[in-house]
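The exercises below are to be worked with the sequence and the coordinates side by side. Each task is followed by a solution in steps.

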Amino acid sequence: MSLQKAWSLKSQTSKGHGASKGKEREQRTLIRFKTTLMNTLMDVLRHRPGWVEVKDEGEWDFYWCDVSWLRENFDHTYMDEHVRISHFRNHYEVARSQGKGIFLFRRLKDIMDWRKGTAGKKVTSVETQATRANVNPSGSHDTRSSDDQKDDIPVENYVAQRYVENPYLIGGRKFDLRVYVLVMSYIPLRAWLYRDGFARFSNTRFTLNSIDDHYVHLTNVAVQKTSPDYHPKKGCKWTLQRFRQYLASKHGPKAVETLFSDMDNIFIKSLQSVQKVIISDKHCFELYGYDILIDQDLKPWLLEVNASPSLTASSQEDYELKTCLLEDTLHVVDMEARLTGKEKRVGGFDLMWNDGPVSREEGPCDLSGMGNFVTNTHLGCINDRKEQLRQLFRSLQVQKKASS
């Protein structure tokens, strides 16, 4: 039984949202939205034409919710056909490592020593607080037997990754890339890649001699902004366009094209790895933030997938990027029902997978040989989103008039 059918059989006590039952993809001029996030997202939603904010228990058509609301209410909420919500029910399947913190160790034994020292304590994520006491903190000797210690330590799951010792450096500093992928469906898989993103740099020159220095090894803004010489206006970011141009000038366009193609494979394969376990529902979409590290051989490494990437701006440039990202996310979600469903580009988003790879070329593509096939991705390329949106919506209006 589908989720939609299951919801329709629930008791009258279940909350319902939306209106005009049975009218799927009907064009709408008034969208009732709800969110609890007071950042760039709220600015975008409030300035969107025809969108009206709903507070408390009011009926809504679009809800950018937090994950706590999802866990408590999703299974007890009826939604009409047009209603959309910002997470899949078990969105965490592709982002299981998120929220537990990042810790660096030199030896495997150090991990067990650290685990004993933190048993029963709350682990603080570096996303919210930078700490320099997480590496090899245990210096005491415990005289209890190993069996007694095992009984005292609660079982938890961790993701262990080998530290990439040869990261690609720019100006002697380590960095990683934040890339945005929008998933509109898992069955079939339909994913969009955003052209813009950024490289996040550490504020301190890279060295392996100080493994316990978070300012050297962790590029998270939440960590770097606590550095004594951090510049709040300048920040530690490059746009992906600037990063791609830099690499092309150093290594040539062909090497850069190969690197970005390898990154495309990371995005798709990570989504395919959880495709069979994700509860795919037509009311849901997900904006993922991918963290990618590049090594000296121009090989990309997946560090983490964030199911709730930060939408809070750290600078004016960051605010403009995230504003455009969110505006284009809403264009693709298409609450107004203006799109035909055949678009391969909407604003800064390019459709890279639609139950199969999407070609840059127009019309049906031949995948038998894959010799001349080029994926429809433009990460780090020029994002002329305003002009593209203007042409897109003008074309849609002409099509609508012609068919009426």
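**Exercise 1.** Against which elements do the buried residues of α9 pack?

Solution. The model is predicted, and the solution begins with the helix itself: α9 covers residues 253–272, and its 20 residues reach 29 Å from the first C-alpha to the last, close to the 28 Å expected at 1.5 Å a residue. Next, list its buried positions, which include Val 256, Leu 259, Phe 260, Met 263, Ile 266, Phe 267 and Leu 271, and among which Asp 264 and Ser 270 also appear. Finally, follow their contacts: the buried residues of α9 pack against the strands β7 (175–186), β8 (189–201), β10 (286–294), β11 (300–306) and β13 (349–354), and against helix α8 (240–251).

**Exercise 2.** Determine which strands pair with β2, and describe the connection to β3.

Solution. Strand β2 spans residues 31–35, and four of its five residues are buried. Three bridges join β2 to β3 (residues 51–53) in a parallel arrangement, with Phe 33 having Glu 53 as its bridge partner in β3. Between these two strands the chain passes through helix α2 (residues 40–47), giving a β-α-β crossover that is right-handed. Strand β4 (residues 62–64) is likewise joined to β2 by three bridges and runs parallel to it, and here Thr 35 stands opposite Trp 64.

**Exercise 3.** Decide whether Asp 113 is buried or exposed, and find a polar partner of its side chain.

Solution. First locate Asp 113 in helix α4, residues 108–118. Its relative accessible area is 12%, which is under the 20% cut-off, so Asp 113 counts as buried. Its side chain makes a polar contact with the side chain of Lys 109, at 2.9 Å.

Key
Residues numbered from 1 in each chain as written. Predicted model: local features only at pLDDT ≥ 70, side-chain atom pairs only at ≥ 80, totals over all residues. Heavy atoms only, no water. Buried < 20%, exposed > 50% of the residue type's maximum accessible area, 1.4 Å probe, protein only. Polar contact = N/O pair within 3.5 Å; in protein donor to acceptor, adjacent residues only side chain to side chain. Expected span 1.5 Å × (residues − 1). Contact = heavy atoms within 4.5 Å. Pairing = 2+ DSSP bridges. Right-handed = clockwise from strand over helix to strand, strands pointing away.
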